[in-house]
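Biologist: Mind walking me through this one? I'd like to hear the reasoning behind the labels you use.

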Amino acid sequence: MSFFIKKKENPRLLKKSHSAGTGPKRKGDVTVGVRNKVKKGNSRYNDEISSDSEPESPTVPRKIQKKAEYEYTETPQEKKLRLAKLYLEQLKEADDKRADDEDFGNALVAGKLEEEVLEQKGKLQRLIAQDLLPPDASEIRLLRGHKLPITCLVISPDDKCIFSAAKDCSIIKWDVESGKKLHTIPGGRKGTEDRHVGHTAHVLCMTISSDGKYLATGDMNKLIMIWEAETCKHIYKFTGHKGPVSGLSFRKGTHDLYSASHDRSVKVWNVDENAYVETLFGHQDVITGLDGLSRECCVTAGGRDGTVRVWKIAEESQLVFHGHEGSIDCVQLINEEHMITGADDGSVCLWSVNKKKPLCTVKQAHGCHGDTSLEQPHWISSVAALQNSDTVASGACGCSHNSLVQVWKCGQKYRGLQPLFSVPLSGFINCLKFSSSGQFLVAGVGQEHRLGRWWRLKEAKNGIYIIPLKRKPSTPEEVKVAE
């Protein structure tokens, strides 16, 4: 009896034969041959690769891994929560800023209202004079256009334009920044009143409404002309005075017009309705100047009757003030209760409407001229005031080398005048005006006095001088109550 013993196959050799491709590949085999070329002397190519092994993942940059990890760690709910918190913080910051702005705005409004109350009471005094600096001669500009002496001028409420008039009967509108003429209303010859649109006699006074809408001018022919300030178009003509019109002023915030004349009367007009309202009498001599603010009243200078009068229009009454020894030729309101006047005796006075005598008088304010034994004070021909402040100015006429504009600082409660600086100009300083902002002062200068031809300075130039008012480095503007 013979036995056959089946030789056990070596599985390692079997796997090797399969990997070498010696046997056919069958479906369901555990291992699948991988095409590998066996290289002699390099055993690493003989390693087997199992179908169960995972392929190596490509290398991912570290930044991308962090970003992916971060995006993965923040769920949509967490992202919504984060954005909601950010939005709430932005809303809170906006509310805080709005609250701060409202507090600041309320403080500004309260301060403005307080200033308006003080202004209405005539007790507002801005302390500006202490910061003013003398201008350099090279900074002063001269505008020339009139053929004869300048008699009057006004500045528009926005400080962009100047209107001037002269003895040549013309009116010129100037641009402050460029110094160029914007419009000219030519004067006419005597006897052409019926056909000429404009003045045919010396223009003595002018004023502009607080809204810049109307311009009013008065002349030696007893006429008052109303113009559209923007276009210089003639609108209306008022007649009624029996003498030259020497003073004009609009009531602030309205179109009520006050006029004064050499006929010793004060008249009230309504420009909107082109109507005459009433006439007031009281002066004993020709009226040489007039001014008004927001109250229903005006002030006038009475020339050689030596009085200043405050007219209460609604009550039809007047207050009479005495103080100057000579003829009072100019008057200007500083606020509702204080004013400045100048006279031909060389004196400058500060007044309160509540007292019959001046609060302060400066005699020979611009010095004297002539021989030692025959010295005469320089004639004060014009005054100006920066409204609701402590700054005023005066102009004198005399010899060419003595004509100057003097800027003054008003003392506490307007009880003193202290000279700040002077600006020498050649000629008669017939009119002065401060700009509303206080950035510059304008002087109208001529070879003759605005009211006559007593003497003439040939070397003087007929023109308008724009004097800049420089200030020290910015400091908080102080406001005091003038009791």
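Here the two of them go through the labels one at a time.

Modeller: Sure, and keep in mind that this is a predicted model. Overall, the protein has three helices and 34 strands, and 46% of its 483 residues are buried.

Biologist: Let's start with Ser-394, then. Why does Ser-394 count as buried?

Modeller: Buried means under 20% relative accessible area. Ser-394 comes out at 0%, so it counts as buried. You'll find Ser-394 in strand β27, which covers residues 391–397.

Biologist: What makes the link between the side chains of Ser-394 and His-366 a polar contact?

Modeller: The cut-off is 3.5 Å between N or O atoms, with one able to donate a hydrogen and the other to accept it. The side chains of Ser-394 and His-366 are joined at 2.7 Å. Another polar contact, of 2.9 Å, joins the side chains of Ser-394 and Trp-408. Both values are within 3.5 Å, so the distance part of the test is met.

Biologist: Which residues does Ser-394 touch, not counting those up to four places away in sequence?

Modeller: Among them are Val-348, Ile-380, Leu-404 and Leu-432, and also His-366 and Trp-408.

Biologist: On to Ser-436. Why is Ser-436 called exposed?

Modeller: Exposed means over 50%. Ser-436 has 55% relative accessibility, so it passes that mark. Ser-436 sits in the loop between β30 (428–434) and β31 (440–446).

Biologist: And what is Ser-436 in contact with, leaving aside its neighbours within four places in sequence?

Modeller: With Pro-157, Asp-159 and Leu-386. Ser-436 and Ile-155 are 281 residues apart in sequence, yet their C-alpha atoms are 8.2 Å apart in space.

Biologist: How do contacts like that look across the protein: what share join residues at least 24 apart?

Modeller: Counting contacts between residues at least 6 apart in sequence, 50% join residues at least 24 apart.

Biologist: Last one, Leu-91. Why is Leu-91 called partly exposed?

Modeller: Partly exposed is the band between buried, under 20%, and exposed, over 50%. Leu-91 has a relative accessible area of 35%, so it lands in that band. Leu-91 is in helix α3, residues 76–121.

Biologist: What makes Leu-91 eligible for a patch?

Modeller: A patch residue needs over 30% relative accessible area, and Leu-91 has 35%, so it clears that bar. Leu-91 forms a nonpolar surface patch with Tyr-87 and Leu-88, and together they have about 310 Å² of accessible area.

How values were computed
Residues numbered from 1 in each chain as written. Predicted model: local features only at pLDDT ≥ 70, side-chain atom pairs only at ≥ 80, totals over all residues. Heavy atoms only, no water. Patch = residues over 30% accessible without salt bridge, like charges linked within 9 Å, V, L, I, M, F, W, Y side chains within 5 Å. Areas by Shrake-Rupley, 256 points an atom, 1.4 Å probe, with all protein chains shown as cover. Salt bridge = Lys/Arg side-chain N within 4 Å of Asp/Glu carboxyl O. Helix = DSSP H or I, 4+ residues; strand = E, 2+ residues; numbered from the N terminus. Buried < 20%, exposed > 50% of the residue type's maximum accessible area, 1.4 Å probe, protein only. Contact = heavy atoms within 4.5 Å.
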